Each structure stands twice: as C-alpha cells, then as structure tokens.
Amino acid sequence: MATGDLAFFARPASSAVKIVAPSNTHDTLTSPKPSPKKESAAQRPCRNIVIYGSCKFQDKGCIYYHPSRDNPSPVPPNESPSLSNALPAQSVNAPVFVPKIPSASLTGTVSSPPLEFQVDHSQSSSSSSSGPSNYDDAESYDPYAYDLNGNDDANGDSFTGGSHGMQLNPYDQSGHGMLDYETQNPMDVFYGGQSSFVRQQLNYHLYSQPLPETLQQRFFVSDDIREELQKRSETIYTAPAPGLGLPDDLQGYHSLMPLENTTGERRKFGSWISTVYRAVSSKDGMPYVLRRVENFRLSSQAAFGPIEKWSRIRHPNIISVREAFTTRAFGGDSLVVVYDYHPNSKTLSEAHVKPKSSQFQNGHNRLATQDTRISERTLWSYIIQIASALKAVHDAGLSMRVIDASKVLITGKNRIRISSCGIVDVLMHDARQDITRLQQEDFTMFGRLVFSLCCTSMGVMNDLQKAIANLSKGYSSDVKSVALFLISKATTFKTIGQLFDLIGSRLLTEFNESQNATDRLEGELMSELENGRLVRLLCKFGFINERPEFARDARWSETGDRYIIKLFRDYVFHQVDEHGRPVVNLSHVLTCLNKLDAGVDERIMLISRDEQSCLVVSYKEVKACVSSAFNELGMGEMG
Ligand SMILES: Nc1ncnc2c1ncn2[C@@H]1O[C@H](COP(=O)(O)OP(=O)(O)OP(=O)(O)O)[C@@H](O)[C@H]1O
C-alpha cells in the first residue's frame, strides 16, 4: 500500500466504534449491543466505519483520515490501518481508493460538522436525502452562504478554496481550482473550446436542495407540454401504411405518407385536385410537406419565379416554402410544392368551423354538440397573426391569394400559420394579374374568414346581413369594425397600415401574451436543462457499474474507486425501508444526483452490502471517484 495514497482505516470487526467531535463531551455513538433477536437489516449496526476524505478533528477513539500533502502518512499513532473489513479482498493489496480529489479541496479548510452520530440504519436507510440525520442538522448546506472573498464559509464549503480570493469551480478536476478545459472529460461537451474562459464558482449548480416531494415535478417539463411534444415526435416518426403505391423516391424525398384521405371524394384546391403528403428529405433527414397538384403541366420555367420569392420569406405565421418541381412519378403530370412540416397541426376549419362529432354524455344516449365558438381573445390573436403575415407578404411585393379556414393551420397553442403559399402563383402564372388588385382581394378573403370564424360556418357570406347580426351578438364592436373594413369595397385601396390602426391596442395584449408564453417555455426548458446533466451522470454510472472487465481486470468495477461508486449507486437506488421494502423515491434520487453533480462537501454514509462496513464519504469525493473511473475508461478506449 502506498503511503499517502490510502484513505481508509477500519477497526477490527469486533471493536466498538465511536466517533466523537473534539469539543463534545458526551459519547453518543453506541457500541453494537448483543441482541438476542436476529436484527433486521435496518437495525443491525455496522462494524466498521471508514471516513473517506478530509476531517479536521482528531480523537483517539476515532477512525479518521486527514489527507495532507505535508504529512503524507495518514496513519494515526497506535492505529494499524486495515482495509480488510471495509473493502473487498482485492483492494487490500492494490493501491486503491486513491482519492483523486483536487488539491484545492485537500488543502482547503473543511469545517467538519461535529461528528457525533449514531450508526443507525433506520435513519440512513430512510428516504432522507442525505444520510444520517445528525449530519443534516449540523451541516445543512446553504448554497447561497458562500463568501465571495474566498474565505471559508459557514457551511464548510471548500469550493471557495482558501484565502486567495479565487473562486474554485466545483467541476474542477485539475486541482488548481479553475476549470481545466484541456483535461476535460469526454462527456463534458459543453465545456469544449473555451480554454481561455475562467468560470467563477458556480453555486447555482447546486440547483437542487433537498426538496419536499411535492416539488419533484419541477425537475421535469410539465405534463401537458411533454404530452404535446411527445405526440408531435411520435407523429413525425409514424411509418406510412404499406401498399399505398406511392413513389419510393420523389426528387430527393422518400417515405411519402398522405396527410389526408386519398380514397373516396377527392379534395379540391380551387379547381385542381390536390393531395398533401409528408415525406422525408434525403438531404437533411427532416420531414416536409409536399402538396401535389394533379394533372398540371408547366407552361414555362418562369412560373417558378414566385416560388423563389416565397422561399425567402421567413415569418412566424407563414409556413415556409422550400421548393417546387414537376414530376411524372405519380403517373400523370403533377406539380409539387414543398413546405415545412408542422406535426399534429389542424386547419382552422377542422378546429372551429366543421361540425364536431357528437358525443355521448355521461354514458347516456343523449347527444351533445361541442361548443366550437371562438373566444374573443383567441379571435383577436388569430386576426393579429394573420394581419402580421399579410403585412410581411404585401411588403415583399406578393399577395397571399389563399386565406381560407382550410388553409390556415393551428400549429401550436393559439399559434396559427398560413399554408399553401405560392402555389396559386404557379398555377395562375399565365393569367398575369395585377398585384395591387390581388392584395385587395387578400383583404376581402381575410374578412370572409373573420365572419366564418365568428359564425362557425363557411357559407355565412351568402347572407351578409345575417352574418353581421350573428357577429354582433357574440363579439365586440371592434371585431365588427375590423370585419366590415376587410370586406368593404372601398373606393380607394386599403392598406395593411389601416388595418393595424383598427387593431390598435389589441396588439399590446398579444405582445404581452406572447412574452408570457416565452417566459413559461423558458421555465420549462430550465427543468429539462437539469435533466440533461443528470442523464450524463447516469450514463457515467452505466459505463462504470457492473462492467464485466476492464484492463484485464475482471473485478475492476468492484474495486478501488469503483467500489465507492457501487456503494453510492446502492445508496441512491437500492435503499430499503425498515420493513425491507425498496425505497422508490424519485426526490431522493434527484437530490443525490444533483448534489453529486455539484460535488458538495456534505457527507453521506455508504454501507457495504454485507452491512458490516460503513464508509463516510462526501459527494465531492464520490464525484472525484466517478470522474477518475470514467476518465480511466476514456483512456482505455483511446489506448
Ligand atoms: N405544412 C403542414 N404541416 C403539417 N400538416 C399539414 C401541413 N399542410 C397541411 N397539413 C395537413 O394536411 C391536411 C390536408 O391539408 P389541406 O390543406 O388539403 O386541408 P383540407 O382540410 O383537406 O383542405 P381542402 O378541403 O382544401 O382539401 C390537413 O389536415 C392539414 O392539417
């Protein structure tokens, strides 16, 4: 055993264990009392306690280790080190358990808590997040209580690293207290390429306090958002049904799947028959929407001119146009225009205008019709979004040409996008119409759409007086003014600016709502950010734990630093309660992993599987063990 390397001392199995704080006068650690009954796992006391890492206190009755570079021999007087009771057999001989703790943490002062505790399995095996409760009392970690001047803080947080006023990084594995990007480990991809950047101590890495269980869902994105995103992802990867007879490859797009019914009555796009497919691009692997117009023969290549203009428009309320081509892959001549794909979107017509399917209510055979009426707030949001899209298009010298409930898609919560842009420009290229007149028609189509949405009927414009009466019943006079402005046959040309004058203060409400939505989403994103870190930690555990062999050593994963990792894994995942039932407590797992990731000084007691040995170890030390073992694997891979 190399002197100075070893961090463990254990009393012989028979000796009573006592751990006392220096200033404390009463011994509180009980010797294991002979019990006539067979003790349960949770009651049986450990025979050996090994303190791993640094402690300031010294007492004859203690088993301790005080690593110091000045005094490399950790052997206390009259104490014979023995690992045999604490560690697996192989580790006795091997120079193992070398704590690869950053030198900063070795030399920095650690204010140890009064080490006064009873070896009490019922406490350590409870679902409490941080080992023996006495520790909790004495050393409750306060992430905000650190000293910016680098002095030792009240919590004994050695991150501040002594008196240099230099902030140490909890992620530092290099020993000099700063992030060492040269020796970064291969999982820490986020730290790459910033070698000149010195990060200050990041106490906010300790984002997880021991939380009440009710808060545990804050670690995850909220249920409704997760459900929606998962559904979208599932939709993207649904495979097309076999036997549709669609082309295998269509000018670099494959896996075609129709997004609408292709049998029975064919859907029309104006006077053309069109079908919408989802397909995957061979270039970037992303899904796109292909709108195919059947029996269309291109008269001249110039008809694709507008498509180029459309493909330059990027607007949050317009479905982006990517490209257009003609093909004979479906049999006859077809025009195909490619758009961005927004999974699980619905047309306004599907969401608000078409009659909803009737439902049975409360198990009775009573039919109930769903109320499809749009709230005024939602209606204003739709009006503003369409107006905004219209402005971008008119400003680009184009006209929308189709503003219809069946061509405006709801792609997210209250979020609409206009689809099928540019296609009419290609289809009607030969007609050569005046753009100003076409832009005026956009206003009229927009007005009709507002009436259809207010009255939840497509044919509402057949009787304008009735439509106006219906609209007035359900909506404010401001909505009526906007709708009438849009459909009016003005003697002078209408402009999009006039429309925005009418919309006025509603814009501010929409703007505020949109910022609130961004804030909410950022909040959700924050919780996932934490999970990413935990996944990286779990991956490291996966690489290390139970590895059958490494460097021709079949016991690699069970010995040395890895033994601590194994016991830590047991501490996190395999605890049982006083009745021997598994503790399945996500809060405990998340808290432990977050503390490990932050590398806090808080100590926990790890108990060997035979329950004969305890190891007192800090999260910081476990973190060093994980990094060292993982780096070893990384080196092995390179070698
Ligand atoms: N860019 C897109 N991303 C995702 N889905 C889309 C996209 N464009 C269209 N869809 C979906 O394809 C389906 C068919 O679209 P289409 O525009 O033909 O609507 P429709 O209701 O069938 O209209 P029509 O009555 O004019 O045929 C709709 O359910 C629509 O949600």
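Modeller: A residue is buried if 20 or more other C-beta atoms, placed from the backbone, lie within 10 Å of its own, exposed if 12 or fewer, and partly exposed in between. This is a predicted model: local features need pLDDT of at least 70, side-chain atom pairs count only at 80 or more, and totals for chains, interfaces and linings use all residues. Residues are numbered from 1 along each chain as its sequence is written.

Biologist: What share of the protein's residues count as buried?

Modeller: The protein has 639 residues. The part of them that counts as buried is 34%.

Biologist: Are the axes of helix 10 and helix 11 parallel or oblique?

Modeller: Helix 10 spans residues 435–455 and helix 11 residues 464–474; helices are DSSP runs (H or I, at least four residues), numbered from the N terminus. Their axes, lines fitted to C-alpha atoms over the stretch in contact, with angles from 0 to 180 degrees between N-to-C directions, come within 9 Å and cross at roughly 60 degrees. Under 35 is roughly parallel, over 145 roughly antiparallel, 65 to 115 roughly perpendicular, the rest oblique. The two helices are therefore oblique.

Biologist: Which residues of helix 11 meet helix 10?

Modeller: Contact means C-beta atoms within 7 Å. From helix 10 come Phe-451, Cys-454 and Cys-455. In helix 11 they meet Ala-467, Asn-470, Leu-471 and Gly-474.

Biologist: Is Ala-551 buried or exposed?

Modeller: Ala-551 sits in the loop between helix 14 (506–544) and helix 15 (561–573). Its phi is positive, about 50 degrees, although it is not a glycine. With 10 other C-beta atoms within 10 Å, Ala-551 is exposed.

Terms used:
Contact = placed C-beta atoms within 7 Å.
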